[in-house]
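User: Please take a close look at one buried residue in this model and follow its surroundings outward through the charged pairs, the core and the sheet. I would like one connected account rather than a list.

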Amino acid sequence: MTLYKTDFSEYASSAQPSDWTERWNAGLASITVIDLAEGMGGKSSNLIHGSTANKYMASWDDPGSSVTDFEILVRMKGTILESESYSTDGIRVAGRCNGSGSGYFCNLNRHTSGTIRLVIFKYLSFSYSGATSVNVSLTSADWYWIRFRISGTDFYAKVWEDSLQEPADWTLTWSDASLAGGYVGLGSNHATDSYCDWFAIETSNGSWPIPAPYQIDDFSLDLTVQANAFDYLKMLLSVVEGSFLDFFTMNLSVAVSVIDSLKMLLQVGTAKLEDFKMFLEVTDGTVLDNFAMLLDVVDGTVFDNFKMELAVVSATPAFRSVIAQRVSSIVHEA
């Protein structure tokens, strides 16, 4: 889906929005951004048509000059003019328009009987060239939502008051094959003063939901309108489940392997500690005892025997004679 949307808050006030271009009869009307507290972004476009009745159209240039299939969603308010003609209006949305006065429009129009009509019609070279309409029940003189779609040769439109829920079905349908593509934007034909504080266009046969908190009066979800949002969410969940969660599971498997290895290492370490404890017990109970016994034997037997032998040797006449001779020699030398 390719979405372009604006609440006009990004534009400078008291000036024509920078990426909007007047395509038809620029001297008859003007489009200006104004500060508006009730506007969705605190601002709104304000289209003022002068006293001279003629066709005026200003295009939003971001979507391009050859938009073919699209759906436009706008929030607008303004004087709904009264006339027998289908092209007399105060609120007008434009599509597939060119610089030569040809294009399709969706507008609100009040018949002289007082009935408000939702109209789809076309101009070819600035001349009215066919239309379709349906009577609608609108009681508020404030903001309205209009959804206008062209897909191939099929046209769809619906309108509802800002405080009410969007209708599930299209209010008006039509078919025409005169124009293949062009600009999208806003227009007018007679002296009027209209406002638009939300203009969104989807150029890939999608249907964009109403921005929060304007969906419906109880803020519940219109599943028909927002099916694309749910499809997008399902796609995200599929990506998460199919990639991230699989990757996460793989990482968990690796972590389990590491933990098992650590557990095995701890078990080996415990076995080594048990072996060392057993060695200490053996050493303490056998080797050290044997060594102590050996010391006792050496100290109590060998040493005593050695001392006794020394005493015996020193007591013999031969030992005494040798000692006497060594002493005499030492004295003579001295």
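**Ile201 and its surroundings**

Analyst: In this predicted model, Ile201 is buried, with a relative accessible area of 0%. Ile201 belongs to strand E15, which covers residues 192–202, and its contacts, leaving aside residues up to four places away in sequence, are Thr2, Leu3, Tyr4, Trp60, Pro63, Val67, Phe70, Glu71, Ile72 and Val184. One of these, Thr2, is 199 residues from Ile201 in sequence, yet the two C-alpha atoms are 8.2 Å apart in space.

Among the contacts of Ile201 is a charged residue, Glu71, and this residue leads into the salt bridges. Glu71 is itself buried, at a relative accessible area of 3%, and its side chain meets that of Arg147 in a salt bridge with an N to O distance of 2.6 Å. Because Glu71 lies in strand E6 and Arg147 in strand E11 (residues 144–151), this pair ties together parts that are 76 residues apart in sequence. Arg147 also counts as buried, at 1% relative accessibility. Glu71 forms a salt bridge with Arg149 as well, where the closest N and O atoms are 2.6 Å apart; since Arg149 lies in strand E11 and Glu71 in strand E6, that pair ties together parts 78 residues apart in sequence. Both Arg149 and Glu71 are buried. Through shared partners, salt bridges join Glu71, Arg147, Arg149, Lys158 and Glu166 into one network.

The whole structure holds eleven salt bridges, and another of them links Glu38 with Lys77, with the closest N and O atoms 3.3 Å apart. Here Glu38 lies in the loop between strand E3 (29–35) and strand E4 (43–49), while Lys77 lies in strand E6 (residues 70–78), so the pair ties together parts that are 39 residues apart in sequence. Glu38 is partly exposed, with a relative accessible area of 37%, whereas Lys77 counts as buried at 16%, because the cut-off for buried is under 20%.

Turning to the nonpolar side, strand E15 spans residues 192–202, and Phe199 touches Tyr4, Lys5, Thr6, Phe8, Trp20, Trp60, Ile72, Leu73, Val74, Gly185 and Leu186, again not counting residues up to four places away in sequence. Tyr4, Trp60 and Ile72 appear both in this list and among the contacts of Ile201. The largest nonpolar core has 41 residues, and Trp20, Leu108, Phe148 and Phe199 touch the most other members. Apart from that core lies another one, of nine residues, among them Ala94, Phe105, Tyr123 and Tyr183.

Two of those residues also mark a strand pairing, as Ala94 stands opposite Phe105 in E8. Five bridges join strand E7 (residues 91–97) to strand E8 (residues 103–110), and the two run antiparallel. Both strands belong to an open sheet of seven strands in the order E2-E5-E14-E7-E8-E9-E10, with antiparallel pairing. Strand E2 (20–24) and strand E10 (127–136) stand at the edges with a single partner strand each, so one side of each is left without a neighbour in the sheet. From one strand to the next, the twist averages 25°.

As for covalent cross-links, a search of the whole structure finds zero disulfides. Cys106 counts as buried at 0% relative accessibility, and Cys196 is likewise buried, at 1%.

Definitions and conventions. Residues numbered from 1 in each chain as written. Predicted model: local features only at pLDDT ≥ 70, side-chain atom pairs only at ≥ 80, totals over all residues. Heavy atoms only, no water. Core = buried A, V, L, I, M, F, W, Y, C linked by side-chain atoms within 4.5 Å. Buried < 20%, exposed > 50% of the residue type's maximum accessible area, 1.4 Å probe, protein only. Contact = heavy atoms within 4.5 Å. Helix = DSSP H or I, 4+ residues; strand = E, 2+ residues; numbered from the N terminus. Disulfide = S-S within 2.5 Å. Pairing = 2+ DSSP bridges. Axes fitted to C-alpha atoms, helices over the stretch in contact; angles between N-to-C directions. Salt bridge = Lys/Arg side-chain N within 4 Å of Asp/Glu carboxyl O.
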